[in-house]
Amino acid sequence: FIRQHPGSYVALERLQYRLRGRESVGLMGEIATHYNSLSPELRQSRDGIQIGQAIKNREGAEVGSIAPDFTAVDFIKKETVTLSAYRNQKYILLDFWASWCAPCVADFEFLKETYLKYGNDNFEIIALSKDEDRRAMENAIKRYKIEKWTQLSLKETPLKIEEIYAVTSIPVKILIDLDGKIIGRWRG
C-alpha cells in the first residue's frame, strides 16, 4: 500500500504502525525505504518528521551499530553512569524490564547466574526499569535480589533511552561488546 500510495496519509499511518511493532528493529532497511518513497509533503508533516526521527533512532539500535551513549543516575548506588565509560573495559548487557512484567521477572534467575559467573570480570548488567511507581521498582529489586548490578529508572532519566534503543515492549536485552558495538538483541 505504501509503495502504491506514497502521498496518502494512510501510507504514513501504516508506516507508523510498522515502527511500533515488536519486529521493527529487524525491518529498518525496509521501513526506511518505504519512508523515503513517501511524498515530500508527507515526510515534512509533523508525523512524517517524527517517523523520520524514529527511523534514525532505530537504525542506531541494530546489531552491528555502535550503542548510543547515555548518562543516568544509578537508582541504588546514587552514582552517575555513562555507557561509554565502559568502553574497552566491559561487555554490557542492557536489560529493559519492569516489576509488573512476568517475563522480565522470570529472567532474573538467569541474570543472577550470569552476573555471578561473569560480573567480576569484564561484564556488567545495566537494568533499565520502565516502572512508573518508584516503590514497586524498589520492592522488586529487593525481593528478587538484583541490587548488585546497575539499576536505572527510565522514568527518572531525562533522555528517552527506550526510544534511542527502539524498545517498544519488554523484556528486551541488548549485549554490547568491549568496543561499544551492539552484538546481540533479544526480546520477549
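Q: A disulfide is a pair of cysteine sulfur atoms within 2.5 Å. In this predicted model, what joins Cys101 to Cys104?
A: Happy to walk through it! The S to S distance between Cys101 and Cys104 is 2.4 Å. The cut-off is 2.5 Å, so the pair counts as a disulfide. A search of the whole structure finds one disulfide.

Q: Is that disulfide right-handed or left-handed, and how do you know?
A: Look at the torsion about the S-S bond of Cys101 and Cys104: its value is about 75 degrees, so the disulfide is right-handed.

Q: Are Cys101 and Cys104 buried or exposed, and what makes them so?
A: Buried means under 20% relative accessible area. Cys101 has 5%, so Cys101 is buried. Cys104 has 1%, so Cys104 is buried too.

Q: Now to the sheet. Why are strand 5 and strand 7 called edge strands?
A: The open sheet has five strands in the order 5-4-3-6-7, with mixed pairing. Strand 5 (150-153) and strand 7 (182-187) each pair on one side only, which means that they are the edge strands. On average, neighbouring strands of this sheet are turned by 15 degrees against each other, direction ignored.

Q: How do you know that strand 6 and strand 7 pair?
A: Pairing needs at least two bridges. Strand 6 (residues 172-176) and strand 7 have five bridges, so they pair, in the antiparallel sense. Val172, for example, has Arg187 in strand 7 as its bridge partner.

Q: Which strands does helix 6 touch as it packs on the sheet?
A: Helix 6 (residues 134-143) touches strand 3 (91-97), strand 4 (123-129) and strand 5. The direction of helix 6 makes about 165 degrees with that of strand 5.

Notes. Residues are numbered from 1 along each chain as its sequence is written. This is a predicted model: local features need pLDDT of at least 70, side-chain atom pairs count only at pLDDT 80 or more; totals for chains, interfaces and linings use all residues. Side-chain values use heavy atoms; hydrogens and water are left out. Buried means under 20% relative accessible area, exposed over 50%, partly exposed in between (1.4 Å probe, protein chains only). Helices (H or I, at least four residues) and strands (E, at least two) are DSSP runs, numbered from the N terminus. Axes are lines fitted to C-alpha atoms, for helices over the stretch in contact, and angles run from 0 to 180 degrees between N-to-C directions. Contact means heavy atoms within 4.5 Å.
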